[in-house]
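The following exercises concern surface exposure and aromatic contacts. Please work through each task before reading its solution.

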Amino acid sequence: MIRTGKGMFNLRTLFRIRGSCFFKSLPASIFVGALGFVFKLSGQWDKDAEYFFTHVLTNNSAYSSLSVLIGFLIIFRTQQSYNRFWDGAKYIKVMQAEIFSTGSNLMAFCRPSKAEPEKIK
């Protein structure tokens with residue numbers, strides 16, 4: 001359960017550390033930033049790298065292929081998580097039905113008998 005303070009936009013909620021994904025994403029963002037910095041420096045010092053950055057990376061086919069691949073992966077993972085959600089919801093309903101059936105059977109079989117206790121044993 002997410003506990004928030006009073007009001008919808010509480011600054012304490014915005015800057016909290018517990019439950020934040022900031023520290024999990026920080027190493028990846030530092031790596032990507034350092035990689036961009038290295039690419040920028042290598043483009044200024046090396047003429048072959050400058051050609052790569054000005055001509056090869058400006059070609060749109062690489063970006064469109066990457067976009068199609070990432071889009072396919074996102075759609076596949078979303079569909080898989082959607083199916084898992086509905087499977088879980090179905091199993092919860094089956095479990096509720098089994099619990100109800102168990103409870104109703106328990107109530108049906110525990111009704112007091114009019115027979116003598118010696119005959120029941």
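**Exercise 1.** Is Phe76 buried, partly exposed or exposed?

*Solution.* The structure is a predicted model. Step 1: locate the residue; Phe76 is found in helix H4, which covers residues 60-109. Step 2: take its relative accessible area, which is 47%. Step 3: apply the cut-offs, by which buried means under 20% and exposed means over 50%, with partly exposed in between. Phe76 is therefore partly exposed.

**Exercise 2.** Which residues form a nonpolar patch on the surface with Phe76?

*Solution.* Step 1: list the members; Phe76 is joined by Leu66, Leu69, Ile70, Phe72, Leu73 and Ile74. Step 2: state the area; together these residues and Phe76 have about 690 Å² of accessible area.

**Exercise 3.** How many aromatic pairs does the structure hold? Classify each by its geometry.

*Solution.* Step 1: the structure holds 2 aromatic pairs. Step 2: for Tyr82 and Trp86, the ring centres are 6.3 Å apart and the planes stand at 75°, so this pair is edge-to-face. Both residues lie in helix H4, 4 residues apart, or about one turn of the helix. Step 3: for Phe85 and Trp86, the ring centres are 5.0 Å apart and the planes are at 75°, so this pair is edge-to-face. Step 4: combine the pairs; Tyr82, Phe85 and Trp86 form one aromatic cluster.

**Exercise 4.** Which exposure class does each residue of this cluster fall into?

*Solution.* Step 1: Tyr82 has 47% relative accessibility and so counts as partly exposed. Step 2: Trp86, at 46%, is partly exposed. Step 3: Phe85 reaches 52% relative accessibility and therefore counts as exposed.

Conventions: Residues are numbered from 1 along each chain as its sequence is written. This is a predicted model: local features need pLDDT of at least 70, side-chain atom pairs count only at pLDDT 80 or more; totals for chains, interfaces and linings use all residues. Side-chain values use heavy atoms; hydrogens and water are left out. Patches are made of residues with over 30% relative accessible area and no salt bridge: like charges are joined within 9 Å, nonpolar side chains (Val, Leu, Ile, Met, Phe, Trp, Tyr) within 5 Å. Accessible areas come from the Shrake-Rupley method with a 1.4 Å probe; for residues, only the protein chains shown count as cover. A salt bridge is a side-chain nitrogen of Lys or Arg within 4 Å of a carboxyl oxygen of Asp or Glu. Helices (H or I, at least four residues) and strands (E, at least two) are DSSP runs, numbered from the N terminus. Buried means under 20% relative accessible area, exposed over 50%, partly exposed in between (1.4 Å probe, protein chains only). Rings of Phe, Tyr and Trp (its six-membered ring) pair if their centres lie within 6.5 Å; planes under 30 degrees apart count as stacked, over 60 as edge-to-face and the rest as tilted.
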